[in-house]
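Me: I would like a close look at one part of this protein, and then at the sheet around it. Please keep it plain.

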Amino acid sequence: MPFYEFRCHTGHTTERLLPMSSDTRTTECQTCGDEANRVISAPAVAGVDKRKARLVEATQKSAYEPAVVNSVPSSGNRRATPVSHNPQHAKLPKP
């Protein structure tokens with residue numbers, strides 16, 4: 001069940017744990033007892049894998065701060081493209 005935030009007219013924020021099927025739009029403010037209306041808030045995303053969080057952060061950063069390349073990357077230890085000697089493969093269309 002998700003937490004929903006409610007805010008009264010004086011600015012107090014109240015959280016309630018409600019089922020997703022609940023259509024409750026108002027509740028009583030726990031601080032002042034006034035009527036509090038449900039507000040739209042960001043979801044609480046807990047338990048995000050640290051690798052995924054770093055990947056998302058790096059992706060967002062690269063949109064505004066792309067890495068600058070000073071030279072062409074070396075080929076490294078590239079292996080040769082494998083060649084098949086099967087005669088049936090010769091009948092396949094070439095890319």
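In which loop is S22 found?

Reply: S22 is found in the loop between β2 (13-17) and β3 (26-28). Strands here are DSSP runs (E, at least two residues), and helices are runs of H or I with at least four, numbered from the N terminus.

This is a predicted model, in which local features need pLDDT of at least 70 and side-chain atom pairs count only at pLDDT 80 or more, while totals for chains, interfaces and linings use all residues. Residues are numbered from 1 along each chain as its sequence is written, and side-chain values use heavy atoms, with hydrogens and water left out. The pLDDT is the predictor's confidence in each residue, from 0 to 100. The protein chain averages 84, and 97% of the residues score at least 70. Among the elements, strand β4 (residues 35-39) has the highest mean, 93, and helix α1 (residues 50-64) the lowest, 85.

S22 counts as buried because its relative accessibility is 17%; buried means under 20% relative accessible area, exposed over 50%, and partly exposed in between, with a 1.4 Å probe and protein chains only. The side chain of S22 also makes a polar contact with the side chain of T24, at 3.0 Å. A polar contact is a pair of N or O atoms within 3.5 Å; within protein, one must be able to donate a hydrogen and the other to accept it, and residues adjacent in sequence count only if both atoms are side-chain atoms.

The strands on either side of this loop, β2 and β3, are the edge strands of the sheet, each pairing on one side only. The open sheet has four strands in the order β2-β1-β4-β3, with antiparallel pairing. Two strands pair if DSSP finds at least two bridges between them.

On the β2 side, five bridges join that strand to β1 (residues 3-8). Here R7 stands opposite T13, and F6 stands opposite T14. The hairpin of β1 and β2 has four residues between the strands, and G11 takes a positive phi near 100 degrees there.

On the β3 side, three bridges join the strand to β4. The bridge partner of E28 in β4 is E35. Six residues lie between the strands in the hairpin of β3 and β4, where G33 has a positive phi near 85 degrees.

In the middle of the order, β1 and β4 are joined by four bridges. F6 stands opposite R38 in β4.
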